Amino acid sequence: MERREFLRRTSAAGAATLGAGTLAATAASTRTAAAATRRTGPLRVDIVMFDGVEELDCIAPYEVFSAAAMHSPNGVEVRYVTTGRPGLIRCAYGTGIQVKHRWAARETDLIVVPGGGYTRRDGPGVWAEIDDGALPRALAAAPREGLTISSLCTGAVLLSAAGLTRGRPCTTHHGAKAYLAEQGGLVKNARVVDDGDLVTAGGITSGLELGLWLVRRELGSDAATGVETMLEYEARGTVWQAP
């Protein structure tokens, strides 16, 4: 708690010294500005969890969105969710994370789908989730007005299995780009690809960029630069946006 209070004070002061252009794609669209202005409640973020998920894939965006709550007057509610039974999730390198919440796509504004296990066809991870079918089916049924579905790293493979990337600009970990293209995705060579209600990001560390970009888009540049100051990290790479 003391660390959070310290970061809240120092980041608020430091953000004033940062330019608004630390993120790529500096011109905010009318849609982005309107979204930040009209939000009256907290930004609700659900990060999908499954056995074999990469630790950084799920923890980096959780940290970014949690920190963003300190820089948004309406707050941010971020939680881990599962399409299975709530309980202990084992990540790719053995970290255990307790997931308390069930999948509830109609009760959230933003879904984040991490990746993991792409190179292990016979172990836990994205392929096991595809074989099980529950998560792809849930993702396929999720789209609605007001909901943004996002992924990072090989989480895009799960979106592809749900039919969400076919014919749409997207990106993923460099090792899965060919597969994503074979499945009909219009793969872009960018760190983050923003196609409106579908936002995808590159490899494992791009969860930071995904989180920062969506904080900027949904909560405004002040919130994003505030989080950058807290984390002592400036987003890198290009954000591709649909015209």
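Q: A helix here is a DSSP run of type H or I with at least four residues. In this predicted model, where is F65 found?
A: F65 sits in helix α3, the run that covers residues 55–68.

Q: What makes F65 count as buried?
A: Let's set the value against the cut-off. F65 has a relative accessible area of 0%, and buried means under 20%, so F65 is buried.

Q: Which residues is F65 in contact with, leaving aside neighbours within four places in sequence?
A: The partners are L43, V45, V76, V78, L110, V112, G211, L214 and V215. Take G211 as an example: F65 and G211 are 146 residues apart in sequence, yet their C-alpha atoms are 6.5 Å apart in space.

Q: Why are α3 and α8 called roughly parallel?
A: Helix α8 spans residues 207–219, and it packs against α3 at an angle of about 30 degrees. Angles under 35 degrees count as roughly parallel, so the pair earns that name. The axes of these two helices are 8 Å apart, and α3 passes α8 in a right-handed crossing.

Q: Which residues of α3 and α8 meet, and how do they divide by type?
A: From α3 come A60, P61, V64, F65 and A68, while α8 brings G207, L208, G211, L212, L214, V215 and L219. They divide into ten nonpolar, two polar and no charged residues. Gly counts as polar, which explains why G207 and G211 make up the polar part.

Q: Why are α3 and α9 called oblique rather than roughly perpendicular?
A: Helix α9 (residues 221–231) packs against α3 at an angle of about 120 degrees, with the axes 9 Å apart. Roughly perpendicular covers 65 to 115 degrees, and roughly antiparallel needs over 145. An angle of about 120 degrees falls in neither range, so the two helices are oblique to each other. Their crossing is right-handed.

Q: Which residues meet where α3 packs on α9, and what types are they?
A: E63, V64, A67 and A68 in α3 meet V227, M230 and L231 in α9. Six of these residues are nonpolar, none is polar and one is charged. Glu counts as charged, so the charged one is E63.

Q: How do you know that R168 and D197 form a salt bridge?
A: The rule asks for a side-chain nitrogen of Lys or Arg within 4 Å of a carboxyl oxygen of Asp or Glu. Here the N to O distance is 2.8 Å, so the pair passes the test. R168 lies in the loop between α6 and β8, and D197 in the loop between β10 and β11, so the bridge ties together parts that are 29 residues apart in sequence. R168 and D197 are also linked with D195 in a network of salt bridges.

Q: What makes R168 and D197 partly exposed?
A: Partly exposed lies between buried, under 20%, and exposed, over 50%. R168 has 23% relative accessibility and D197 has 36%, so both residues fall in that middle range.

Q: What makes R191 and E209 a pair that ties together separate parts?
A: R191 forms a salt bridge with E209, the closest N and O atoms being 2.9 Å apart. R191 lies in the loop between β9 and β10 and E209 in helix α8, so the bridge joins parts 18 residues apart in sequence. Both residues are buried.

Q: How many salt bridges does the rule give?
A: The count comes to seven. One of them links E218 and R217, 2.9 Å from N to O, and both of these residues are buried.

Note on methods. Residues are numbered from 1 along each chain as its sequence is written. This is a predicted model: local features need pLDDT of at least 70, side-chain atom pairs count only at pLDDT 80 or more; totals for chains, interfaces and linings use all residues. Side-chain values use heavy atoms; hydrogens and water are left out. Axes are lines fitted to C-alpha atoms, for helices over the stretch in contact, and angles run from 0 to 180 degrees between N-to-C directions. A crossing is left-handed if the near helix is turned anticlockwise from the far one by less than a right angle, and right-handed if clockwise. Contact means heavy atoms within 4.5 Å. Buried means under 20% relative accessible area, exposed over 50%, partly exposed in between (1.4 Å probe, protein chains only).
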